[in-house]
Amino acid sequence: MDEKRKLKFIGYAFSLLLIIGTLGYKILLDVDLVDALYMTVITVSTVGFGEVGTTNNASKIFSVLMIFLGVGIVGYVFTTVVAMFVEGKVSDLWKGNKMDRKISSLNDHYIICGSGELAEVIIKKFISENLDFVVITDNREDLNDYSHHNILVVEGQSTEESVLLHAGVEKAKGLLAVLDTEVDNIVTVLTARNLNDKIYIIANSITKSGNEKLLKVGANKTLSAVEISGNRMASLMISPNIISFLDVVTRMGDVELDLEEVIVKRGSYLENKTLMEAEIPRKTGLTVLAIKKIEDEKMLFNPPIDYTFKIGDVLIILGREEQIDKLKNLGDEMK
């Protein structure tokens with residue numbers, strides 16, 4: 001029984017004891033509710049204050065039973081609370097309530113289902129990008145580790161609706177299913193899709209047939225970590241120079257280059273300009289690799305210089321973080 005359930009049990013037990021005692025004394029002593037509650041409290045606490053009403057054999061036997069019940073419940077409460085303080089569970093419980101409040105306040109966040117090695121890589125990347133996310137895991141060791149590092153985490157299995165709702169799936173922007181088994185990933189995707197038909201879901205496919213199954217139950221994209229790693233190892237062996245070049249493109253010495261998305265917004269510097277007119281390489285030093293067109297959502301690689309940007313187009317660009325920020329703020333600088 002976890003700490004929250006223990007505290008709930010204690011509360012229910014005390015409430016039930018007071019209700020039984022109050023009703024019992026009201027009937028047996030023929031007194032009002034206040035006097036009956038008073039008799040219940042002094043009997044359970046064994047303080048020895050004066051009794052009210054006229055006692056009889058039935059009320060005396062009832063008092064004996066109430067004393068035994070009270071001593072048992074109070075003893076359980078005392079040992080439980082002391083143990084929770086000694087083990088530090090009270091502070092953990094307070095942290096858990098604080099974390100629940102933070103999770104409930106999230107909007108357009110991401111949910112990571114699982115806590116294996118693949119999830120660790122995703123978590124590290126999300127932290128570096130300063131993104132809002134919640135991890136769902138039933139691994140007690142990972143749960144404690146995440147909570148101590150101020151990572152929002154929900155205990156449980158992501159295959160259950162209540163757990164996904166606790167993680168805020170209805171308000172989440174995206175979900176990554178990276179659990180250890182194909183079945184768990186499939187059930188997680190299906191459950192999440194039923195709870196939020198707009199959420200963007202990426203799932204890890206473990207078996208060869210997993211891709212098709214995951215897409216059928218609602219995943220937007222599927223990836224196989226094993227397949228990606230295998231293809232990269234094979235390519236590195238077959239064409240080492242090409243792979244080395246790709247590594248250099250994204251990490252050149254001490255200068256790290258990022259692939260980033262920039263959306264053309266209404267009133268921005270890029271609106272209705274051609275690629276040549278925008279002069280992105282000269283003004284920012286960035287390289288435009290591709291454009292995802294808003295009109296048909298197709299990817300245009302190596303776009304021509306006469307392409308005119310439309311509101312909603314997504315630019316795939318390569319460069320340093322400060323260059324990307326410069327492009328996003330280019331319109332403001334020219335005002």
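1. The side chain of H109 comes within reach of the backbone oxygen of G168, at 3.5 Å. This is a predicted model, and the distance is computed from its atoms. A reader new to the structure can start from this residue and work outward.

2. Where does H109 lie? It sits in the loop that runs between helix 4 (89-104) and strand 1 (110-113). Leaving aside residues up to four places away in sequence, H109 touches D132, V134, A167, G168, K171, A172, K173 and G174. G168, whose backbone oxygen the H109 side chain reaches, is thus listed among the residues touched.

3. Is H109 buried or exposed? Its relative accessibility is 0%, and because buried means under 20%, H109 counts as buried.

4. For the protein as a whole, the model has 15 helices and 12 strands. Of its 335 residues, 36% are buried, H109 being one of the buried residues. The exposed area is about 20900 Å², and carbon and sulfur atoms supply 58% of that area.

5. Contacts between distant parts of the sequence deserve a separate remark. Taking the contacts with a separation of 6 or more, 57% are between residues 24 or more positions apart.

6. One open sheet can be followed strand by strand. It is formed by 4 strands in the order 9-12-10-11, with antiparallel pairing. Strand 9 (258-263) and strand 11 (299-301) are the edge strands, each pairing on one side only. From one strand to the next, the twist averages 25°.

7. Within this sheet, strand 10 (residues 287-292) pairs with strand 11 in the antiparallel sense, over 3 bridges. At the level of residues, A290 stands opposite F301 in strand 11. As a general point, strands of a sheet pair through backbone hydrogen bonds, and the pairing is either parallel or antiparallel.

8. Which helix packs on the sheet? Helix 14 (residues 321-328) does, and it touches strand 9 and strand 12 (314-319). The direction of helix 14 makes about 10° with that of strand 9.

9. The last point concerns an annotation from a record. In an unreviewed entry, UniProt lists residues 9-29 and 61-86 under "transmembrane region". In the model, the chain over residues 9-29 is 100% helix and 0% strand. The C-alpha atoms at the ends of residues 9-29 are 29 Å apart.

Methods:
Residues are numbered from 1 along each chain as its sequence is written. This is a predicted model: local features need pLDDT of at least 70, side-chain atom pairs count only at pLDDT 80 or more; totals for chains, interfaces and linings use all residues. Side-chain values use heavy atoms; hydrogens and water are left out. Helices (H or I, at least four residues) and strands (E, at least two) are DSSP runs, numbered from the N terminus. Buried means under 20% relative accessible area, exposed over 50%, partly exposed in between (1.4 Å probe, protein chains only). A polar contact is a pair of N or O atoms within 3.5 Å; within protein, one must be able to donate a hydrogen and the other to accept it, and residues adjacent in sequence count only if both atoms are side-chain atoms. Contact means heavy atoms within 4.5 Å. Accessible areas come from the Shrake-Rupley method with a 1.4 Å probe; for residues, only the protein chains shown count as cover. Two strands pair if DSSP finds at least two bridges between them. Axes are lines fitted to C-alpha atoms, for helices over the stretch in contact, and angles run from 0 to 180 degrees between N-to-C directions. UniProt positions are given in the numbering used here, feature names are shortened, and annotations may be inferred rather than shown by experiment.
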